[in-house]
Amino acid sequence: MAKARIFVVEDEVIVAEMLKMNLERGGYEIAGHEIYGEAVVESVARSKPNVILMDIRLKGKMDGISAAIQVRERFDIPIIYLTAYGDAETLERAKQTAPYGYLIKPFEIETLRSTIETALYKHDLERRLAASEARLSQIIQHMPYPIAVFTPESVASIVNQAFLEITGVPSAE
């Protein structure tokens with residue numbers, strides 16, 4: 001199995017170097033390092049990491065949460081926050097980016113490794129689930145008989161063309 005590629009976004013050089021050293025010792029490959037939030041998207045696009053470790057306070061005008069929002073808009077890469085800020089406001093902002101982890105500095109390297117492994121596993125499961133749902137949707141759409149799947153609130157979440165033809169309901173509804 002290939003080594004997971006980790007991209008480190010950390011503005012404290014000593015912290016970044018320690019992180020990279022410990023991650024490499026743990027069997028990970030360092031895909032890149034960035035200290036400015038404004039440069040994260042471009043750097044991630046070039047390096048194609050499997051996971052991003054994101055500090056929240058960075059050099060420049062853009063913080064890690066704003067950088068994570070931009071990353072999520074363009075890429076399907078899990079983000080784990082590594083930060084000294086555990087206040088409620090920062091945590092609420094970070095939650096809006098659906099992170100795969102949020103570790104408060106200082107943390108144990110084993111905690112980081114287990115968080116990375118959990119993030120990689122969860123991300124893989126989510127990808128496989130999405131692919132499975134897409135296949136199921138295709139099967140349902142091509143069935144010759146009417147099919148409708150309803151939510152517990154009695155809202156049709158999936159209907160196929162045969163169902164629409166029989167009921168006369170326009171697909172937009």
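A residue is called buried here when its relative accessible area is under 20%, exposed when that area is over 50%, and partly exposed in between, with a 1.4 Å probe and only protein chains taken into account. By this scale lysine 95, at 45% relative accessibility, counts as partly exposed, and glutamate 92, at 40%, counts as partly exposed too. The structure is a predicted model, in which local features need pLDDT of at least 70 and side-chain atom pairs count only at pLDDT 80 or more, while totals for chains, interfaces and linings use all residues. Residues are numbered from 1 along each chain as its sequence is written, and side-chain values use heavy atoms, with hydrogens and water left out.

Glutamate 92 and lysine 95 form a salt bridge, with their closest N and O atoms 2.9 Å apart; the term stands for a side-chain nitrogen of Lys or Arg within 4 Å of a carboxyl oxygen of Asp or Glu. Both residues belong to helix α4 (residues 88–95), where they are three residues apart, about one turn of the helix. Helices (H or I, at least four residues) and strands (E, at least two) are taken as DSSP runs and numbered from the N terminus.

A search of the whole structure finds 11 salt bridges, and some of them connect parts of the chain that are distant in sequence. Glutamate 10 meets lysine 105 through their side chains, at 2.6 Å from N to O. This pair links the loop between β1 and α1, which holds glutamate 10, to the loop between β5 (101–104) and α5 (109–141), which holds lysine 105, across 95 residues. Lysine 105 also meets aspartate 55 in a salt bridge, at 3.4 Å from N to O, and here the partners are 50 residues apart, with aspartate 55 in the loop between β3 and α3. Salt bridges that share partners thus join Glu10, Asp55 and Lys105 into one network. Within this network glutamate 10 is buried, with a relative accessible area of 1%, and aspartate 55 is buried at 5%, whereas lysine 105 counts as partly exposed at 21%.

The chain around lysine 105 has another feature, since a cis peptide bond with omega of about -5° joins this residue to proline 106. Proline 106 is placed in the loop between β5 and α5. Most peptide bonds are trans, and most residues other than glycine have a negative phi. Against that background, lysine 48 has a positive phi of about 50° although it is not a glycine, and alanine 98 likewise has a positive phi, near 50°. Lysine 48 lies in the loop between α2 and β3 and is exposed, with a relative accessible area of 59%. Its C-alpha atom is separated by 7.9 Å from that of arginine 5, a residue 43 positions away along the chain. Alanine 98, in the loop between α4 and β5, is partly exposed, with a relative accessible area of 37%.

Turning to the interior, a nonpolar core is a set of buried Ala, Val, Leu, Ile, Met, Phe, Trp, Tyr and Cys residues joined through side-chain atoms within 4.5 Å. The largest such core has 19 residues, and those that touch the most other members are Val9, Val40, Ile52, Met54, Ile79 and Tyr81. Two or more residues of this core come from each of β1 (5–9), α2 (40–47), β3 (51–54), α3 (64–74) and β4 (79–83), and α3 gives the most, with four residues.

On the surface, Ile14, Met18 and Met21 make a nonpolar patch of about 310 Å². Patches are made of residues with over 30% relative accessible area and no salt bridge, like charges being joined within 9 Å and nonpolar side chains (Val, Leu, Ile, Met, Phe, Trp, Tyr) within 5 Å, and accessible areas come from the Shrake-Rupley method with a 1.4 Å probe, with only the protein chains shown counting as cover for residues. Isoleucine 14 lies in helix α1 (residues 13–25) and is exposed, with a relative accessible area of 68%.

Two tyrosine rings have a charged side chain over the face, which requires NZ of Lys or CZ of Arg within 6 Å of the ring centre and within 35 degrees of the ring normal. Arginine 57 lies over tyrosine 85, at 4.1 Å from the ring centre, and lysine 122 lies over tyrosine 100, at 5.2 Å from the ring centre.
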